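Got the viewer open and the chains coloured separately? Follow along, selecting as you go.

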Amino acid sequence: MGVIEGLFTGGKEFVMQVAAAWLPAPLLVLLSAALSAVALLAFAAVTFMYLTWLERKVAGRFQDRYGPNRVGPFGLLQPIADGLKFVMKEDIIPVGADRVVHELAPVLAVTPVLMLFLVLPFGRGMTGADLNVGVLFFLGVSAVQSPVVIAAGMGARSKYSVLGSMRAAAQILSYEIPMVLAVLSVVMAAGTMSTNSIVEAQARDGWYVLTPWGAFGMLVFLLAATAESNRHPFDMAEAESELVAGFHTEYSGFKFGLFQMAEFLGGFASCGLAATLFLGGWLGPAFLPTWGVFMIKTYALFFVLMWFRATLPRFRIDQLMAFAWLLLFPLSLLVILSSALWHFLALAPALVASLVLLGGGYWVLSGVLWREFERSSGPRDVTGVR
Amino acid sequence: MFADLGFVLAAIVTLAGGVIAVGARNLYRSVLGLMLSLTGVAGLFLVQRAEFLAVVQVLVFVGGVSVLIVFALILVEREGAAMETGVNPGLVPVAAIVAVILSGSVIYAVVRSPLGAAPPAAVQSRDIGEALLNRYLVPFEAVSLLLLAALVGALLIAREKRN
Amino acid sequence: MLGVKAYAIVAALLFGLGVYGALARRHAIAVLVALELMLNGAMLAFASFSRLHPLAQAVSGQAFVIFIIAVAAAETIVGLALVLALHRVFRTARLDAFELLKW
């Protein structure tokens with residue numbers, strides 16, 4: 001098992017040793033960084049392709065049908081066909097559009113998402129860049145998506161685009177807060193912001209999802225991360241039946257493909273971070289390689305995201321905002337409080353206090369605030385009565 | 001060597017963004033220049049090994065404040081032709097002179113002073129956190145009050161009057 | 001390893017650009033953008049100069065940068081709210097329209 005476990009780290013070490021013989025020292029640093037970067041980029045690209053395949057297969061199975069199975073065995077060549085289609089489509093730029101922004105926006109959308117993979121601990125010793133502030137880096141880079149989305153919409157100068165981009169940016173900003181607070185609870189418990197160190201802290205303390213605050217925290221984080229990458233059921237800003245296609249209406253062909261890549265990879269990276277923070281990262285049974293364990297956990301969480309898409313109806317835009325501010329944000333504050341209580345109290349009183357706090361808090365929030373919101377904004381009957 | 005290269009790149013990005021921010025006729029381009037400049041400043045923080053500051057800068061400024069400014073821009077000008085404004089021609093010489101005097105005096109003082117090369121202080125985020133919660137607790141709480149006041153005040157000021 | 005002077009020069013230039021923009025630009029939001037540039041210049045200066053000191057005092061510079069970020073955000077929020085309110089009354093946000101105080 002040592003060989004499979006150290007497949008990637010061993011391979012990189014081998015290449016570095018070969019290169020150390022005839023490269024000067026600063027170029028060696030550059031080579032090391034370049035190797036990690038190329039590996040991560042290749043992983044991201046292939047993952048995106050096969051995530052789209054997986055999404056369509058899973059959605060098909062949920063709907064009691066096969067999903068793509070014509071192109072290649074089990075439809076495995078479907079992503080390649082899709083990629084060819086995107087590349088061959090005509091690249092339309094609207095007449096009044098701001099050319100520079102229109103060309104740059106898809107690139108600016110994909111680049112931060114690719115940077116997210118730098119701080120994910122894929123296995124023991126397999127973090128791209130083990131930053132001291134790794135988790136904060138993840139959050140900061142995913143926050144860059146909001147101005148990019150606005151740039152994409154405004155650059156196209158069409159009403160649908162601008163409206164869609166405003167909604168999408170407001171959504172990203174609103175859901176950032178519960179996401180950051182849920183991550184904060186984990187950082188408090190682990191005492192460090194480095195993703196690898198958080199995994200090692202879970203080796204000592206047990207997976208955080210097994211604690212009350214961790215379970216709620218993971219729920220909050222997963223929902224907020226789904227909303228951040230504009231995935232279903234939070235994809236009002238780009239849903240086809242609603243706003244034509246929101247901020248990426250005016251983008252065709254390859255540029256649209258880049259936006260889709262940003263959305264899928266954003267969701268995947270967030271699942272990876274959720275697996276790292278709450279599910280113990282690469283910790284797992286000894287007979288599996290650590291990077292295999294990480295992949296299994298991340299794909300399991302992404303399967304939950306695909307499950308959402310197949311089963312849940314879409315949120316209306318005001319329901320979406322209320323969900324962030326009235327439910328997730330207070331709940332994330334309670335998660336932080338509960339995490340602190342868990343740290344300082346002994347097991348039994350901490351358990352009781354956490355369950356009371358979180359369960360009671362959720363009950364109050366959904367029963368009082370959400371019900372009040374639904375009452376004041378929900379459907380009315382013909383006489384105007386709610 | 002990489003640090004110097006990084007500094008030069010980040011400084012170019014920062015100043016180019018600043019020039020776009022104050023020089024662009026189209027307001028939206030100006031805000032994009034601001035975002036570029038803010039990212040450049042984050043890069044400069046990163047080159048100085050102040051990673052926490054760099055990430056917080058990107059998170060708050062690029063991901064938050066810039067978006068706010070764009071929202072206000074859309075609400076005020078509704079992406080119409082009125083987005084094209086430039087400088088007030090009567091004030092340009094005064095503004096240029098004041099800017100040159102202020103920044104020039106600082107640059108002169110810095111260049112003439114005996115500041116040497118300094119290795120980056122190894123400040124961890126833990127140290128910043130401890131400083132904020134121990135030594136600077138009162139300003140920390142005061143800033144949180146300030147943010148609350150700003151939020152409430154902004155909501156009140158910008159609210160539509162309902163008749 | 002470049003010294004602190006280079007960073008201080010960049011900070012001063014950024015500040016100068018901001019001053020020019022704040023004085024010469026015609027639209028209220030453009031002035032706010034220039035104010036952000038000035039604050040960033042100050043932040044950069046704080047962070048750069050804090051490197052000269054040993055660790056115990058270097059932290060102060062970086063903590064102060066956090067304060068500047070928070071205060072800049074608060075000031076931008078209120079400034080934008082004011083611009084929105086002015087726009088509602090004057091139908092424009094260009095600074096040359098606000099001349100009610102002139103005789």
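Start by selecting A:Leu326 and showing its side-chain neighbours. Leaving aside residues up to four places away in sequence, A:Leu326 touches A:Leu365, A:Leu369, A:Trp370 and A:Phe373. Keep in mind from here on that this is a predicted model. Widen the selection to residues 317-344 and you have helix H14 of chain A, in which A:Leu326 lies. Now put a distance label between the C-alpha atoms of A:Leu326 and A:Trp370: the two are 44 residues apart along the chain, yet their separation in space is 6.9 Å. Is A:Leu326 buried or exposed? Neither label quite fits: a residue needs 20 or more C-beta neighbours within 10 Å to count as buried, and 12 or fewer to count as exposed. A:Leu326 has 18 inside 10 Å, so it counts as partly exposed.

Next stop: where chain A meets chain B. Select the residues in contact, and you should pick up 20 residues from chain B and 20 residues from chain A. On the side of chain B that touches chain A, helix H2 (27-47) and helix H3 (51-77) of chain B are the elements giving two or more residues. The largest share comes from H3(B), with 13 residues. Colour that side of chain B by residue type and it splits into 13 nonpolar, 5 polar and 2 charged.

Now show chain B by itself. How many helices and strands does chain B have? The count is 6 helices and 0 strands, and the order from the N terminus is α-α-α-α-α-α. The radius of gyration of chain B is 20 Å, well over the 15 Å that the globule rule gives for 163 residues, so chain B is more spread out than a compact globule. Turn on a bounding box along the principal axes, and the C-alpha atoms of chain B fill roughly 60 × 40 × 30 Å. Colour by burial next: 42% of the 163 residues of chain B count as buried. If you have a contact map handy, look at the contacts in chain B between residues at least 6 apart in sequence; 54% of these join residues at least 24 apart.

Try colouring chain B by domain too. The domain assignment gives domain 1 (1-85) and domain 2 (123-163). Drop a marker on the C-alpha centre of each, and the two markers for chain B lie 22 Å apart.

Zoom in on helix H4 of chain B, residues 92-112. H4(B) has 21 residues and reaches 29 Å from its first C-alpha to its last, close to the 30 Å expected at 1.5 Å a residue. Select B:Ala95, B:Ala99, B:Ser103 and B:Val110, which are buried. Look down the helix: these residues cover an arc of only 20° around the axis, which puts them on the same side of H4(B). Then rotate to the face turned away from the buried side. Which exposed residues does that face of H4(B) carry? You'll find B:Pro93, B:Ile97, B:Ile101, B:Ser105, B:Tyr108, B:Ala109 and B:Arg112 there. To see part of what covers the buried residues of H4(B), bring chain C back and select its helix H1 (4-24).

That leads to the contact between chains B and C. Here you should select 76 residues from chain B and 66 residues from chain C. Of the 2 pairs of chains in contact, chains B and C share the most contacts. On chain B's side, two or more residues come from each of helix H1 (2-23), H2, H3, H4, helix H5 (125-135) and helix H6 (137-158) of chain B. By residue type, the side of chain B that touches chain C divides into 61 nonpolar, 13 polar and 2 charged.

Finish with chain C alone. Chain C comes to 3 helices and 0 strands, running α-α-α from the N terminus on. Its radius of gyration is 17 Å, well over the 13 Å that the globule rule gives for 103 residues, so chain C is more spread out than a compact globule. The C-alpha box for chain C is roughly 55 × 20 × 20 Å along the principal axes. Burial colouring marks 54% of the 103 residues of chain C as buried.

One last selection: show chain A and chain C together, with chain B hidden. Chain A and chain C do not touch, and their nearest C-alpha atoms are 14 Å apart.

Conventions
Residues are numbered from 1 along each chain as its sequence is written. Chains are lettered from A and ligands numbered from 1 in the order in which they are written. This is a predicted model: local features need pLDDT of at least 70, side-chain atom pairs count only at pLDDT 80 or more; totals for chains, interfaces and linings use all residues. Two residues are in contact if their C-beta atoms, placed from the backbone, lie within 7 Å. Helices (H or I, at least four residues) and strands (E, at least two) are DSSP runs, numbered from the N terminus. Ala, Val, Leu, Ile, Met, Phe, Trp, Tyr, Cys and Pro count as nonpolar, Asp, Glu, Lys and Arg as charged, and the others, Gly among them, as polar. The expected span of a helix is 1.5 Å times one less than its number of residues. The arc is that of the directions from the helix axis to the C-beta atoms. Domain bounds come from an automatic or database domain assignment. The radius of gyration is taken over C-alpha atoms; the globule rule is 2.2 Å times the number of residues to the power 0.38.
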